[in-house]
Amino acid sequence: MNLGEPPPRLSRVTTHALDDRYGRVATDLRVSLTDRCNLRCSYCMPAEGLDWLPTDEVLTDDEVVRLVGIGVRLLGIREVRFTGGEPLVRRGLVDIVRRCKEIDPTVDLSLTTNALGLARTAHALKAAGLDRVNVSLDTVRPETFLEITRRDRLHDVIAGLEAARDAGLVPVKINAVLLRGHNDEQAPELLRWSLDHGYELRFIEQMPLDAQHDWSREAMVTADEIFAHLEREFVLSPASEPRGSAPAEKFLVDGGPATVGVIASVTRPFCGDCDRVRLTADGQVRNCLFAREESDLRAALRGGASDDELAVRWVTAMRGKRAGHGIDDPTFLQPDRPMSAIGG
Ligand code: SAM
């Protein structure tokens, strides 16, 4: 499709796919509910935090639900993942989940969270219609947790994980980022712990999305290194199930059935199969984590745009989606927004 083409016309009853010029169709919506976080992971943001979005720029609960509804009813969204920042710090989270589930109960609703406070809310979230959680946890050693997150809260994360499993927010997945010289040697220990507790562990390569712009290709721990660490203690073999658009490559651990995933966004990009689109907490559509342009749905929404008009803007925003994130390209520029303000 040509970028210069006029946007498609939608009528009140028309649905439209969020397809791009390369034939990919976005069906998985990541919704950031806040840019604020109660941890300070060193690879994400500085110790003092960031200049948070002013409250009046953040979408209200009603606005979030309306945009999710447009995505689901008009644009073919089938999965919605709430993220941030830390989505559990958003006061209206349970209600947002309930109202989004009511739009279409067959849409898969999940949450990416650091699990602080999840012990208190897991059952309410499940009752509201949340299907699953992904919990971020980079180590099971308290001292390493404090070093990486700058907060002594490992016990809260562990309690949150247990509550998620008890509430039936399954499969409970754990996402871990390895940092050279901090927790990379602990990869087998984290896998053993996850297997013992029935959690599905996935390692994510560190990406150039930190607020401090400290990321470097040389310093990041690559997928090959992750395998090397794990293979000190485990035998890994490719899982036979097709990967589809899933970011994680799955491996059987010691012949299975347990698996471990590796999300090699940098060294083995999977952009060709990407089915994701993002909505930031301040109502901007991003067609890629690494996009340098955004489409402002909040201004249009607050300016009185109809659902159809918002849908057309959204469809148009997908046209500019690039073939790949281009991290390895010499012209690569890190996006202005850090991961915490986009929604991981
Ligand atoms: N606060 C929630 C959490 O901790 O899961 C959601 C937001 S957080 C930004 C989402 C995920 O992004 C976490 O798993 C975190 O480890 C990961 N992350 C943050 N910065 C990253 C980076 N530069 N590269 C890769 N992953 C990163």
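**Ligand surroundings, sheet and cysteines**

In the predicted model, an oxygen atom of the ligand is placed 3.4 Å from a backbone N or O atom of Thr 113. Two further polar contacts involve Tyr 43 and Gly 85. The side chain of Tyr 43 places an N or O atom 2.8 Å from an oxygen atom of the ligand, whereas Gly 85 contributes a backbone N or O atom, which lies 2.9 Å from a ligand nitrogen. The protein buries 94% of the 540 Å² that the ligand exposes when taken alone.

The ligand is surrounded by 17 residues, of which Tyr 43, Gly 85, Glu 86, Ser 136 and Met 207 come nearest. By residue class, this shell comprises ten polar, five nonpolar and two charged residues. Two strands, β5 (108–113) and β7 (173–177), each provide at least two residues of the shell. Thr 113, with its backbone contact to the ligand, falls within β5.

Both of these strands belong to an open sheet of twelve strands with mixed pairing, in the order β9-β10-β11-β8-β7-β6-β5-β4-β3-β12-β13-β14. The sheet is bounded by β9 (236–238) and β14 (295–296), edge strands that each pair on one side only. In general, the strands of a sheet pair through backbone hydrogen bonds, in either a parallel or an antiparallel sense.

Within this order, β6 stands between β7 and β5. Strand β6 (residues 132–136) is mostly covered, with four of its five residues buried. Ser 136, listed among the residues that come nearest to the ligand, lies in this strand. The pairing of β6 with β5 is parallel and extends over four bridges; in it, Ser 110 is found opposite Arg 132 of β6. A parallel arrangement also holds for β3 (residues 28–32) and β4 (residues 79–83), which are joined by five bridges. Here Leu 29 is positioned opposite Val 80 of β4.

The cysteines were examined next. A disulfide is a covalent bond between the sulfur atoms of two cysteines. A search of the whole structure returned zero disulfides. For Cys 271, the closest cysteine sulfur is that of Cys 288, at 6.3 Å, and this separation is too far for a bond, because a disulfide requires the two sulfur atoms to be within 2.5 Å. Cys 271 is buried, with a relative accessible area of 17%. Cys 100 is likewise buried, and its relative accessible area is 4%.

Definitions and conventions:
Residues are numbered from 1 along each chain as its sequence is written. This is a predicted model: local features need pLDDT of at least 70, side-chain atom pairs count only at pLDDT 80 or more; totals for chains, interfaces and linings use all residues. Side-chain values use heavy atoms; hydrogens and water are left out. A residue is near a molecule or strand if one of its heavy atoms lies within 4 Å of it. A polar contact is a pair of N or O atoms within 3.5 Å; within protein, one must be able to donate a hydrogen and the other to accept it, and residues adjacent in sequence count only if both atoms are side-chain atoms. Accessible areas come from the Shrake-Rupley method with a 1.4 Å probe; for residues, only the protein chains shown count as cover. Ala, Val, Leu, Ile, Met, Phe, Trp, Tyr, Cys and Pro count as nonpolar, Asp, Glu, Lys and Arg as charged, and the others, Gly among them, as polar. Buried means under 20% relative accessible area, exposed over 50%, partly exposed in between (1.4 Å probe, protein chains only). Two strands pair if DSSP finds at least two bridges between them.
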